[in-house]
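User: Please go through the model shown below, taking helices, pockets, ring contacts and unusual backbone in turn.

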Amino acid sequence: MLGGNAAWAEKPNVLLILVDDLKPAIGCYGDAVANTPNLDALASRGMRFDMAYCNQAVCAPSRFTLMLGSHSTSTGLYGLGNNLRSVIPDAVTMPQHFASHGYRTESLGKVFHIGHGNLGDPVSFSQPHFKEKVIEYVDPKSTDGGQLTREEAFFTNQQLGNIKALPRGAAFESPDVDDDAYADGRVAEETINRLRAAKRRREQDGTPFFIAAGFARPHLPFSAPKKYWDLYDPQNLPMPAYEKPPEAAPEVAGKKGGEITNYKPVPDNREDEISDDLKRKLIHGYYASTSFVDAQIGKVTTELDRLGLFDNTIVILWGDHGFHLGDLGIWTKHTNYEQANRIPILIAAPGVTRPGSSTKQLTESVDIFPTVSELAGLPAPQGPQPIDGVSLVPVLRDTAARVRDHAYHAYPKAKLGRSIRTPRFRLVQWKQPGADETTAEYELYDYVKDPLETKNLASHRPKKVAELKAILAKYPEAKKRASKPKKKNAPKK
């Protein structure tokens, strides 16, 4: 429980900051190129988790794992179009848990995934959701003169059965505009308004707040004001060091094309190569977008300070999954490899975390729910969904403490890949839920000797494979994929 004023300390506020597609390409994580002063400042006020992993590297399922404290393999919620309440009607999400203990709960921007037939989970919050765009352009040229593009249609549930007939939007743009020309700028402004109102409410009747603010960039398209692109010299950006699939990796593990082919001028054919100039432009866009969202988060944390709320507010920064920038020849996410699954987690809990601390505790998204509950002095979450997370509070108090010795994540392709990540190794088992072991394919990577994942060692290290398989065997058999609503065309909005 937090220190400070006793009346307030009984129920600290919570500010949960979610960032889409943000990997640890951040200054405080050692990225020498990234210009992220506000995220770096937040890290200096709390604990940085250096070995944090999502539980599935795609938007909707990753957000379900955060909000439920449950692995996707425990719920069957693997898909972008899965509806939470059709699978677990009585699920108690993190904000519902806080609301049941007197919190006013609010959400802004991208919190639950909305799109691909998914409407999010409006019942999770006690106040109406402040919805904003994920796919957004200012320059008409980016959308062939203002047409509905493929990804805009996906994210607004329009023409879902007609996606390929729609034009592709631009992969990036850099107009000379103010921050609020894009959704993240508007989400920051509204979050500041909500914080001011929450401060007044707290003073009037003592109501604590739980505010989830979700930011869209650096999700594609890399749409960000020109001043953030200007922070970087394109020639100094880190280019992918190894661009081939790992040697001896099973075919099911790889990825070619995918989401990125819905953006021009990326080749529409999955087999066509991306030119070096375009690679550099995409990487530039990712870093510019990260700096843009860093500035918006900085506005929010500055206001939290100005209002005198920081000392009684638990602040959590979470990236929903990582992002491939050409490594292994892969772009975006949707894999079980390191770049898609390693995420930033920053936690500042006044009176608990030591400023500027860091830990190598292996951490999962599902751990946030029980951690924040304990920090706030609430009972541990009980479900009814399976609670797979563990509280990180012992680690927040002592960087050397350990609450788990591995991280677990999964990704469904033609087979389901389930992964065990230890401080040094990752094992991936590829097989369908319930299928015989003889159908399984394995990957093993050694991140001390081969951090770029150039070679699958599964056939060379049978003892290590057996050791990690024994850990994997302790997990229940994965649930099969939950059904999702049939695609149908929605009216244009």
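The questions and answers below treat these topics one at a time.

User: What kind of model is this, and how are residues numbered?

Analyst: Residues are numbered from 1 along each chain as its sequence is written, and side-chain values use heavy atoms, with hydrogens and water left out. This is a predicted model, in which local features need pLDDT of at least 70, side-chain atom pairs count only at pLDDT 80 or more, and totals for chains, interfaces and linings use all residues.

User: How far does helix α10 reach from its first C-alpha to its last?

Analyst: Helices (H or I, at least four residues) and strands (E, at least two) are DSSP runs, numbered from the N terminus. The expected span of a helix is 1.5 Å times one less than its number of residues. Helix α10 covers residues 276–306, which is 31 residues, and its expected span is 45 Å. The reach in the model is close to that, at 45 Å.

User: How many residues of α10 are buried?

Analyst: Buried means under 20% relative accessible area, exposed over 50%, and partly exposed in between (1.4 Å probe, protein chains only). By that criterion α10 is mostly covered, and the buried residues among its 31 number 23.

User: Why is helix α3 described as largely enclosed by the rest of the structure?

Analyst: Helix α3 runs over residues 59–68. Its buried residues include Arg-63 as well as Phe-64 and Leu-66. The helix is largely enclosed because the buried residues number 10 of the 10.

User: Which residue follows α3 with a positive phi?

Analyst: A positive phi also appears just after α10, where Gly-308 has about 75 degrees. After α3, the phi is near 70 degrees, and the residue is Gly-69.

User: Which element gives the largest share of the lining of the largest pocket?

Analyst: A pocket is found on a 1 Å grid over the protein atoms alone, as an open set of points where a 1.4 Å probe fits, with protein on both sides within 12 Å along at least five of seven lines; lining residues have an atom within 4 Å of a point. The largest pocket is lined by 33 residues, with Leu-80, Gly-258, Glu-259, His-334 and Tyr-411 nearest its centre. Two or more lining residues come from each of α7 (150–155) and β16 (407–412). The largest share, three residues, comes from α7.

User: How many nonpolar residues line the second largest pocket?

Analyst: Ala, Val, Leu, Ile, Met, Phe, Trp, Tyr, Cys and Pro count as nonpolar, Asp, Glu, Lys and Arg as charged, and the others, Gly among them, as polar. In the largest pocket the lining has 10 nonpolar, 11 polar and 12 charged residues. Of the 24 residues that line the second largest pocket, those closest to its centre are Lys-23, Asp-31, Asp-327, Gln-339 and Leu-452. Its lining has two polar and seven charged residues, and the nonpolar count is 15.

User: What is the angle between the planes of Phe-98 and Phe-210?

Analyst: Rings of Phe, Tyr and Trp (its six-membered ring) pair if their centres lie within 6.5 Å; planes under 30 degrees apart count as stacked, over 60 as edge-to-face and the rest as tilted. A search of the whole structure finds 13 aromatic pairs. In one of them, Phe-98 of helix α6 (residues 94–99) meets Phe-210 of strand β8 (residues 209–215), 112 residues apart. The centres are 5.0 Å apart and the pair is tilted, with an angle of 45 degrees.

User: Which ring does the charged end of Arg-45 sit over?

Analyst: A charge sits over a ring if NZ of Lys or CZ of Arg is within 6 Å of the ring centre and within 35 degrees of the ring normal. Arg-421 lies over the face of Tyr-447, at 4.1 Å from the ring centre. For Arg-45 the distance to the ring centre is 3.6 Å, and the ring belongs to Phe-310.

User: What is omega for the cis peptide bond between Lys-264 and Pro-265?

Analyst: Most peptide bonds are trans. Another cis bond joins Arg-217 and Pro-218, with omega about 15 degrees. Pro-265 lies in the loop between β10 (263–264) and α10. For the bond from Lys-264 to Pro-265, omega is about 5 degrees.

User: Is Asp-21 buried or exposed?

Analyst: Asp-21 is in the loop between β1 (13–19) and α2 (37–43). Its phi is positive, about 65 degrees, although Asp-21 is not a glycine. At a relative accessibility of 0%, Asp-21 counts as buried.
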